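Please describe this structure for a reader who has not seen it before. A plain report with short headings will do.

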Amino acid sequence: MGSGRLYLAVAVGGFRRYATYRAATAAGIFTNTVFGVILVYTYLALWDEKPHLGGYDQAQAVTYVWLGQCLYATLAIQGGGAEKDLMERIRTGDIAVDLYRPADLQLWWLAGDVGRALFQMLGRGVIPFVFGAVFFPMALPTDVTPWAAFVVTLLLATVVSFAIRYLAALSVFWLMDAMGVNQALMITGIFFSGMVLPLNAFPGALGEIVRVLPWAAQLQMPADVLMGETDPLRAYAFQAAWAVVLLAAGRLVQSAATRRVVVQGG
Amino acid sequence: MAEPFGGSRAGEALRAYRLIAGMWIRSSMTYRASFVVTVFGNLLVTGLDFVAILLMFSQVDSLGGWSLPEVAFLYGLSATAFGLADLTFGSMDVLGRRMRDGSFDILLVRPAPVLAQVAADHFALRRLGRITQGVLVLGWGLLTVDVDWTTAKVLLLPVMLVSGGVIFCALFVAGAAFQFLAQDAAEVQNAFTYGGTTLLQYPPTVFGKDFVRGVTFMLPLAFVNWVPAAYVLERPYPLDLPRWTSFASPLVAVACCALAGLAWRAGLRSYRSTGS
């Protein structure tokens, strides 16, 4: 079996695993839609008070909200993707089995997480987004080109999101307990991805900083590409650079962990 | 199932709750450093909502016509009331998991009220972080907001917090009852509990009229803070409600509890074990 087919099989497994829980998915759609409605009202009030905040008009701010609800589970912005299982396997020592496999550890988990993301996008993310487009004014392109560029940024965003969470998961090799790491992932993910407010609406120096951190690759970049607020090539370069840096860091930490750390035994 | 009624029943429930919660506290205190870190983390996570509001007010002077201290007052009331409910009833979303893996049956055969056992299950003292954060914002709001304080307004504050907390508790119980119907769909209740506290952190003027109607008459969240706060801040009442409604929160809370209790009983009666 070619290695490409192996990782494809892992990705399909990730997709099917999440597709199993239909009621949970429906519940997620409902919750994302309710939160979307609440956020839209607060953003509309904010943009009413200050039109063109962060370079967005009201329709663009609304689009940003619904894209955020669409990508919230897709990119596991507050955690809860493949890294959760990885942390558990490191804690219990099951990771030893993974290390024995004739497959690359990082690619294996990336493939599984991409499968998960694809399901969360199609099964959970699209419906709230469509709901938003039907009931609120949104700024969506009618041309195919921005949508194609958007799909590319989504793929890159998925890789960056995984790379961040993979690094966090590896820390459990040393920390043993995942609770604090998960909390840190949640706080940084929600804040720096721009789930509370679009990053381009952050004030002053804080705005300058958050817009160059890797989390900006997750929601802000795809949103700006979709709405034509940034050059797609610039967005790709930014996302790809962070993906390479974070994945490389992940490999470094992984090799340090597997060489120096004694696996937990039961 | 037949359950005896009477005064001793409530006492029994409280005693069971205290014992189970105490056990979970002792277990979390085994790792003291971890406990302190998680309380702090909880405080930070819940504080993100307020950071969002601060970020908004870094760009504007008012939101929906309300100033930052007024919004902080609303936020503090909503977050503290929700924090109280989250601490006492917030672990009920594990109920669906217990039904799936069959461990819910164990709770049914124990000689203690099931609701008390479920509510105290996985009691997490770290949720004090949320209450602390809510109280801090409420305190800051009270210090900075421009209000002519009267005895009635001061007395209304604790009434709001307690009634608000009870309304949210009823929501948690209703959410738990819903899990008897749809075990995997525990997340639906988040839309009402977490969604509820989030929307109450913003002024009612921000939302559409139909939306406000919904959270006043159908799901009476408006009585947690919007309606009584209108009296304290001398603001126009949402939906032009009459003035006396500001003092109706305790009644609304009692009604919510009665409905949630009925839902819980109906859910419990319909429970069929997984059988495996």
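## Annotated membrane spans

In chain A, the C-alpha atoms at the two ends of residues 146–175 lie 43 Å apart, and this span is 97% helix and 0% strand. Helices (H or I, at least four residues) and strands (E, at least two) are DSSP runs, numbered from the N terminus. The model is predicted: local features need pLDDT of at least 70, side-chain atom pairs count only at pLDDT 80 or more, and totals for chains, interfaces and linings use all residues. Residues are numbered from 1 along each chain as its sequence is written, while chains are lettered from A and ligands numbered from 1 in the order in which they are written. An unreviewed UniProt entry gives the annotation "transmembrane region" to residues 21–44, 121–140, 146–175 and 187–213 of chain A. UniProt positions are given in the numbering used here, feature names are shortened, and annotations may be inferred rather than shown by experiment. For residues 21–44 of chain A, the end C-alpha atoms are 34 Å apart, with 96% helix and 0% strand.

For chain B, an unreviewed UniProt entry lists "transmembrane region" at residues 33–60, 72–90, 155–178, 211–232 and 244–264. The end C-alpha atoms of residues 72–90 of chain B lie 24 Å apart, and the span is 95% helix and 0% strand. Residues 211–232 of chain B have end C-alpha atoms 23 Å apart, with 68% helix and 0% strand.

## Overall form of chain A

Chain A has twelve helices and zero strands. Its C-alpha atoms fill a box of roughly 60 × 40 × 35 Å, taken along the principal axes. The radius of gyration of chain A is 19 Å, which agrees with the value near 18 Å for a compact globule of 266 residues. This radius is taken over C-alpha atoms, and the globule rule is 2.2 Å times the number of residues to the power 0.38.

Of the 266 residues in chain A, 50% are buried. A residue is buried if 20 or more other C-beta atoms lie within 10 Å of its own, exposed if 12 or fewer, and partly exposed in between, with C-beta atoms placed from the backbone. Among the contacts in chain A with a separation of 6 or more, 81% join residues 24 or more positions apart. Two residues are in contact if their C-beta atoms, placed from the backbone, lie within 7 Å.

## Where the chains meet

In the interface, 31 residues of chain A are in contact with 33 residues of chain B. Two elements of chain A, helix 2 (22–49) and helix 9 (179–192), give two or more residues to the side that touches chain B. Helix 2 of chain A gives the most, with 15 residues.

By class, the side of chain A that touches chain B has 23 nonpolar, five polar and three charged residues. Ala, Val, Leu, Ile, Met, Phe, Trp, Tyr, Cys and Pro count as nonpolar, Asp, Glu, Lys and Arg as charged, and the others, Gly among them, as polar.

## The largest nonpolar core

The largest nonpolar core has 163 residues, of which A:Val160, B:Ile167 and B:Val173 touch the most other members. Helix 8 (residues 151–181) of chain B gives the most to this core, with 15 residues. A nonpolar core is a set of buried Ala, Val, Leu, Ile, Met, Phe, Trp, Tyr and Cys residues joined through C-beta atoms within 7 Å. Leaving out residues up to four places away in sequence, B:Ile167 touches B:Pro220, B:Leu221, B:Phe223, B:Val224, B:Val252, B:Ala253 and B:Cys256.

## Helix 11 of chain B

Helix 11 (residues 226–233) of chain B is largely enclosed by the rest of the structure, because six of its eight residues are buried. These buried residues are B:Trp226, B:Val227, B:Pro228, B:Ala229, B:Ala230 and B:Val232. They pack against helix 3 (68–89), helix 8, helix 9 (188–200) and helix 12 (249–269) of chain B. Just after helix 11 of chain B, B:Glu234 takes a positive phi of about 55°.

## Three loop residues in chain A

A:Trp215 is in the loop between helix 10 (204–210) and helix 11 (220–226) of chain A. A:Trp215 counts as buried because 24 other C-beta atoms lie within 10 Å. Not counting residues up to four places away in sequence, A:Trp215 touches A:Thr188, A:Gly189, A:Phe192 and A:Ser193.

A:His52 is in the loop between helix 2 and helix 3 (58–74) of chain A, and its phi is near 65°, a positive value in a residue other than glycine. With 11 C-beta neighbours inside 10 Å, A:His52 is exposed. A:Ala76, in the loop between helix 3 and helix 4 (82–92) of chain A, has a positive phi near 45°. A:Ala76 is buried, with 25 other C-beta atoms within 10 Å.
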